[in-house]
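Subject: Handover of a protein structure

Dear colleague,

Please find below the sequence and structure that I am passing on to you. I would be grateful if you kept the structure open while reading the notes.

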Amino acid sequence: MASAEAERLFAGGVAHHKAGRLAEAGEAYAAACRADAAHLGARFNLAVALQALGRALEAESAYKQALALKPDLVQACLLYTSDAADEE
């Protein structure tokens, strides 16, 4: 179960993300990941935010970390492979 601090940070990231503040969302998701390294939602949303910000290498790393937490996470697989294909 995620810590209360990680959940608070994650919720803040979601609010920033919905408001289009991707950099702030990424910072909040990263903080949530530091608070709870196994927080799948924060790890995945961090990857999405980084990808949207054009930070492909960091997004790739975050997608891989999300996949390590949940190998059958189809969304992460699809986005990771889509992003990799775009760079070729």
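The notes below go from the overall fold to individual residues.

Please bear in mind that this is a predicted model.

Overall make-up

The protein contains 5 helices and 0 strands. Read from the N terminus, the order of elements is α-α-α-α-α. Of its 88 residues, 34% are buried. Among the contacts with a separation of 6 or more, 44% join residues that are 24 or more positions apart. The exposed surface comes to about 5,000 Å², and 58% of that area is supplied by carbon and sulfur atoms.

The nonpolar core

The largest nonpolar core has 20 residues, and the members that touch the most others are Y29 and L46. Four elements each give two or more residues to this core: α1 (4-18), α2 (22-35), α3 (40-52) and α4 (56-69). You may wish to look at L46 in particular. Leaving aside residues up to four places away in sequence, L46 touches G26, Y29, A30, C33 and A62.

Two arginines

Which helix holds R43, and is this residue buried or exposed? R43 belongs to helix α3, and it is buried. R43 nevertheless has no salt bridge. The nearest side chain of opposite charge is that of D36, at 7.7 Å, whereas a salt bridge requires the nitrogen and the carboxyl oxygen to lie within 4 Å. The side chain of R43 does reach the backbone oxygen of A37, at 3.3 Å. With residues up to four places away in sequence left out, R43 touches C33, A37, A62, Q65, A66 and L69.

R34, by contrast, is found in helix α2. Its relative accessibility is 65%, so R34 counts as exposed; the cut-off for this class is over 50%. R34 and A6 are 28 residues apart in sequence, while their C-alpha atoms are 8.0 Å apart in space.

Salt bridges

How many salt bridges are there? The count comes to 3, and they are described in turn here.

- R8 and E5: the side chains meet with an N to O distance of 2.7 Å. Both residues lie in helix α1, 3 residues apart, which is about one turn of the helix. E5 has a relative accessibility of 39% and therefore counts as partly exposed.
- R55 and E58: the closest N and O atoms of this salt bridge are 2.8 Å apart. R55 counts as partly exposed because its relative accessibility is 37%. E58 also counts as partly exposed, at 40% relative accessibility.
- E60 and K64: these side chains meet at 3.2 Å, N to O. Both residues are in helix α4, 4 residues apart, or about one turn of the helix. E60 is partly exposed at 22% relative accessibility, and K64 is partly exposed with a relative accessible area of 43%.

Why do E60 and K64 both count as partly exposed? The class covers values between the buried limit, under 20%, and the exposed limit, over 50%. E60, at 22%, therefore falls within the class, and so does K64, at 43%.

As a starting point, I suggest locating L46, one of the two core residues that touch the most other members, and then turning to R43, which is buried yet has no salt bridge.

Yours sincerely,
A colleague

Terms used:
Residues numbered from 1 in each chain as written. Predicted model: local features only at pLDDT ≥ 70, side-chain atom pairs only at ≥ 80, totals over all residues. Heavy atoms only, no water. Buried < 20%, exposed > 50% of the residue type's maximum accessible area, 1.4 Å probe, protein only. Contact = heavy atoms within 4.5 Å. Areas by Shrake-Rupley, 256 points an atom, 1.4 Å probe, with all protein chains shown as cover. Core = buried A, V, L, I, M, F, W, Y, C linked by side-chain atoms within 4.5 Å. Lys, Arg positive; Asp, Glu negative; His and termini not counted. Polar contact = N/O pair within 3.5 Å; in protein donor to acceptor, adjacent residues only side chain to side chain.
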